[in-house]
Amino acid sequence: MSTAARDSSHANIFKSMKDITFEQTISHQCGVTMNDSVEARAIAEFMGKKNGVTVTYQPALIRIDGNGKLIFMMDEISEYLGREMTAEIFEVNTSTHYGRMVRVDDNTVILFGDMDEVFEYI
């Protein structure tokens with residue numbers, strides 16, 4: 001099979017800029033992408049049990065997405081993981097995030113999708 005024939009049999013997930021429609025709406029979504037690890041899997045499994053949280057597993061990454069805000073409580077995650085999870089370890093496992101991340105204290109990290117809500121913390 002030729003390269004052209006092989007390439008045409010796979011759907012292209014990327015769009016040309018001319019094919020993208022931009023909407024003037026505000027999304028209140030937020031989330032993190034973590035490198036796949038024991039800690040990241042525990043965080044994802046724990047957070048996936050919460051209402052409104054979506055967890056997506058990729059070959060080397062795990063995404064945790066929510067609407068409005070995501071609250072990561074280190075003591076709850078530690079109990080689920082079976083060993084200490086600190087805000088520092090959490091941040092090391094987080095390769096990227098979207099939304100506003102606020103470390104409230106040593107136990108609480110919140111991601112905000114709604115920027116109006118973040119003002120009470122800054």
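**Entry 1: the hairpin**

I count two strands as paired if DSSP finds at least two bridges between them. With that settled, I started at the hairpin that joins β6 to β7. Four residues make the connection between the two strands. The model is a predicted one, and I read everything below with that in mind.

**Entry 2: confidence**

I checked pLDDT before going further. The chain averages 86, and 89% of its residues reach 70 or more. Residues 1-10 are another matter: their pLDDT is below 50. Beyond near neighbours in sequence, I found one contact for this stretch in the model.

**Entry 3: the chain as a whole**

I listed the secondary structure next. There are five helices and seven strands. Reading from the N terminus, I get the order α-β-α-β-β-β-α-α-β-β-β-α. The chain has 122 residues, and 32% of them are buried. I took the accessible surface as about 8200 Å². Carbon and sulfur atoms account for 52% of that surface. I then looked at contacts with a separation of 6 or more: 59% of them join residues 24 or more positions apart.

**Entry 4: the three-stranded sheet**

What is the strand order in the open sheet of three strands? I read it as β4-β7-β6, with antiparallel pairing. β4 (69-73) and β6 (100-103) stand at the edges. Each has a single partner strand, so one side of each lacks a neighbour in the sheet. From one strand to the next, the twist averages 15°.

I went through the pairings one at a time. β6 and β7 (residues 108-112) run antiparallel and are joined by four bridges. On that side, R103 has V109 of β7 as its bridge partner. V102 is partnered with I110 of β7. β4 and β7 are also antiparallel, over five bridges. There, I71 is the residue bridged to I110. I noted that I110 turns up as a partner of V102 and of I71.

**Entry 5: cover on β7**

Is β7 mostly covered or mostly open? It is mostly covered: I found five of its five residues buried. I split them by face. T108, I110 and F112 lie on one side. V109 and L111 lie on the other. Both faces are covered.

**Entry 6: helix α3 and L81**

I returned to the sheet and its antiparallel β6-β7 pairing, with four bridges. Helix α3 (residues 74-81) packs on this sheet and touches β4 and β7. Its direction makes about 60° with that of β4.

L81 is in helix α3. I checked its exposure: the relative accessible area is 17%. The cut-off for buried is under 20%, so L81 counts as buried. Which residues does L81 contact, leaving aside neighbours within four places in sequence? I found V38, E39 and A42. L81 and V38 are 43 residues apart along the chain, yet their C-alpha atoms are separated by 8.6 Å.

**Entry 7: helix α2**

I listed the buried residues of α2: E39, A40, A42, I43, A44, F46 and M47. I then asked what these residues pack against. The strands are β1 (29-35), β2 (54-57), β3 (61-67) and β4. The helices are α3 and α4. Two of the L81 contacts, E39 and A42, appear in the buried list of α2.

**Entry 8: aromatic pairs**

How many aromatic pairs are there? I counted two.

The pair of F46 and Y80 is tilted, at 5.7 Å centre to centre and 50° between the planes. F46 sits in helix α2 (residues 38-48) and Y80 in helix α3. The two are 34 residues apart, and the pair links distant parts of the chain. I compared their exposure. F46 is buried, at 15% relative accessible area. Y80 is partly exposed, at 32%.

F72 and F90 make another tilted pair, at 4.7 Å centre to centre and 45° between the planes. F72 is in strand β4 and F90 is in helix α4 (residues 87-93), so the pair ties together parts 18 residues apart in sequence. F72 has 0% relative accessibility and counts as buried. F90 is buried too, with a relative accessible area of 0%.

Terms used
Residues are numbered from 1 along each chain as its sequence is written. This is a predicted model: local features need pLDDT of at least 70, side-chain atom pairs count only at pLDDT 80 or more; totals for chains, interfaces and linings use all residues. Side-chain values use heavy atoms; hydrogens and water are left out. Buried means under 20% relative accessible area, exposed over 50%, partly exposed in between (1.4 Å probe, protein chains only). Contact means heavy atoms within 4.5 Å. Accessible areas come from the Shrake-Rupley method with a 1.4 Å probe; for residues, only the protein chains shown count as cover. Axes are lines fitted to C-alpha atoms, for helices over the stretch in contact, and angles run from 0 to 180 degrees between N-to-C directions. Rings of Phe, Tyr and Trp (its six-membered ring) pair if their centres lie within 6.5 Å; planes under 30 degrees apart count as stacked, over 60 as edge-to-face and the rest as tilted. pLDDT is the predictor's confidence in each residue, from 0 to 100.
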